[in-house]
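Q: Please take a close look at one strand in the sheet of this model. I would like to know what it pairs with, what lies against it and how it sits in the chain as a whole.

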Amino acid sequence: MVPTEIIISILGIVLIVLNVTFAVTIIFFERRDIGSTWAWLLVLFFIPLLGFFIYIFFGRLIKSNNFYQVDEERRHEYAKHVDDQLTELDAHEGLFAHDPLLSKYRRLARLNLSSTNALVTYHNAIQVIHDGEQKFEALFHDIEIATQEINIQYYIIQNDSLGQALIEALTRRAKEGVKVRLLYDAVGSRGLRRSYFKQLLAHGGEVKSFFPSRLGINFRVNNRNHRKLCIIDGDIGYIGGFNVGNEYLGTNRQFGYWRDVHLRMRGEAVRELLERFLLDWNRAVPTKHRAEKEDFLWPTSLLETSRSPVQIVTSGPNSSTEHLKNMLVKMITEAKETIYIQTPYFIPDASFLDACRNALMSGTKIRLMIPNKPDHMFVYWATYTNAAELVRYGAEVYTYEGGFLHAKTLVIDGEVASIGTTNIDARSFRLNFEISALVYDEVVAQSVIDAFNRDLACADRLTIERYETRTKWIRFKESVSRLLSPIL
């Protein structure tokens with residue numbers, strides 16, 4: 001029988017070898033920012049055994065080589081559209097000559113085109129929705145009148161009355177012969193069971209989860225598909241922050257009223273939403289069952305009289321570039337007068353904070369609103385301390401007291417607005433699959449600003465004097481949260 005001391009020694013050596021292996025991997029083979037690298041090294045070396053498992057579940061990066069397995073012909077086709085727009089933009093022709101905002105912000109448009117192939121769509125009609133009741137009333141109405149196809153994707157679908165109502169509505173349409181595809185995130189919707197969709201599946205609906213668990217274990221728990229999309233009959237598209245659950249209707253006592261933003265759109269941008277859905281859908285199904293582009297219903301009619309330029313911008317852990325963060329930083333640097341930001345989490349990296357500081361010192365006004373109700377404690381205190389940092393440079397920072405603020409918006413100079421699923425933190429910038437609509441439209445931008453101003457009626461201003469009165473316990477929680485912020 002092998003002595004216990006020898007077994008312990010062998011396990012210790014194995015543990016040290018594994019820790020060193022992961023440390024070398026993090027330093028030499030994974031492209032991380034310095035803060036994240038040091039955070040993971042500290043985790044591995046200061047909590048060796050637990051740190052090993054934390055890294056396995058939360059630390060591994062995704063290989064980015066053709067993650068979505070797009071065939072060469074389709075890649076070439078899309079690349080040609082992008083190249084055509086880049087040529088038009090650089091020559092200051094076409095849309096970029098005739099539309100004043102596209103002309104003014106052509107460098108911003110070019111960044112998105114060259115970075116993440118975000119085509120500029122022009123003929124769009126956009127409705128901005130700020131309220132959960134209004135959003136789901138519109139969505140359920142559009143589902144009920146669907147005649148051919150519904151493609152729907154959410155990070156969270158709760159097994160409550162709203163979630164059940166959605167599945168029942170989709171099932172009714174499937175019974176009538178409408179093609180229904182439903183995609184949800186395995187971590188965000190971890191409470192769902194296959195039996196939940198029994199009737200929908202029985203009537204021809206298709207249901208898939210993104211990065212599902214294998215044998216009860218999910219090794220991609222840290223890489224979540226945070227996107228919320230719905231494309232109906234290739235004609236109507238939804239994108240924004242609302243998930244599916246009663247709390248998003250403001251019925252949860254802990255959070256109270258839920259303030260969020262969603263877009264309902266028609267026009268050319270719907271095609272881009274469907275392109276993104278198709279990629280995620282095919283990533284979630286077995287290779288032999290992958291859908292072809294021809295299997296989907298694509299927009300055919302143009303809204304010639306509607307002019308609302310939109311770029312659909314995506315980012316995810318499969319990319320070595322933080323596309324959405326770069327877009328937001330570029331927006332901040334482009335702003336000349338005002339920047340309005342609403343976000344539930346404000347844990348930016350140094351480059352984002354520097355952009356904000358530079359804007360403030362250059363005379364651009366920043367108005368930032370964050371919630372005053374935490375849904376994740378460490379995230380809340382890291383948000384609070386980062387917001388206070390901008391106050392020192394002259395930003396107007398407000399804490400929303402009317403419920404929970406979940407809106408993810410950034411508006412510059414009352415002309416261009418980013419609206420989508422992207423929080424201002426490392427998770428959205430590097431770890432999650434995210435999507436945002438960049439809208440070059442003063443009416444849409446003003447709608448978001450008007451909602452911000454209405455929210456001021458139930459918000460308190462964060463001043464340096466107020467911030468300095470926090471207790472030693474709160475200061476301790478802030479310090480811990482700041483230390484953990486690169487991996488939150």
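**Strand S9 and its surroundings**

A: Val-310 in S9 has Val-439 as its bridge partner in S16. The model is predicted, and what follows describes that model.

Start with the strand itself. S9 covers residues 310-315. Its two faces are both covered: Val-310, Ile-312 and Thr-314 are buried on one side, and Gln-311, Val-313 and Ser-315 are buried on the other. Buried here means under 20% relative accessible area. Six of the six residues of S9 meet that description, so the strand is largely enclosed by the rest of the structure.

Next, the pairing. S9 and S16 run antiparallel and are joined by six bridges. S1 also runs antiparallel to S9, with two bridges between them. On that side, Thr-121 is the residue opposite Val-310. Val-310 therefore takes part in the pairing with S1 and, through Val-439, in the pairing with S16.

These strands belong to an open sheet of nine, ordered S1-S9-S16-S15-S14-S10-S11-S12-S17, in which the pairing is mixed. S1 (120-121) and S17 (459-462) are the edge strands; each has a single partner strand, so one side of each has no neighbour in the sheet. Elsewhere in the sheet, S10 (residues 338-342) and S11 (residues 365-371) run parallel and share five bridges. Thr-338 faces Lys-365 of S11 in that pairing. Strands of a sheet pair through backbone hydrogen bonds, in either a parallel or an antiparallel sense.

Two helices lie across this part of the sheet. Helix H7, residues 106-116, lies across S1, S9, S15 (416-420) and S16 (434-440), and runs at about 45 degrees to S9. Helix H11, residues 269-284, lies across S1, S9 and S16, at about 15 degrees to S9.

For the chain as a whole, there are 18 helices and 17 strands. Of its 488 residues, 57% are buried. Among contacts with a separation of 6 or more, 80% are between residues 24 or more positions apart. About 21,800 Å² of the chain is exposed, and carbon and sulfur atoms supply 55% of that area.

A surface site gives a contrast to S9. Ile-6, Ile-10 and Val-14 make a nonpolar surface patch of about 250 Å². Ile-6 is in helix H1, residues 4-29. Its relative accessibility is 42%, so Ile-6 counts as partly exposed, whereas Ile-312 in S9 is buried.

Technical notes:
Residues are numbered from 1 along each chain as its sequence is written. This is a predicted model: local features need pLDDT of at least 70, side-chain atom pairs count only at pLDDT 80 or more; totals for chains, interfaces and linings use all residues. Side-chain values use heavy atoms; hydrogens and water are left out. Helices (H or I, at least four residues) and strands (E, at least two) are DSSP runs, numbered from the N terminus. Contact means heavy atoms within 4.5 Å. Axes are lines fitted to C-alpha atoms, for helices over the stretch in contact, and angles run from 0 to 180 degrees between N-to-C directions. Patches are made of residues with over 30% relative accessible area and no salt bridge: like charges are joined within 9 Å, nonpolar side chains (Val, Leu, Ile, Met, Phe, Trp, Tyr) within 5 Å. Accessible areas come from the Shrake-Rupley method with a 1.4 Å probe; for residues, only the protein chains shown count as cover. A salt bridge is a side-chain nitrogen of Lys or Arg within 4 Å of a carboxyl oxygen of Asp or Glu. Buried means under 20% relative accessible area, exposed over 50%, partly exposed in between (1.4 Å probe, protein chains only).
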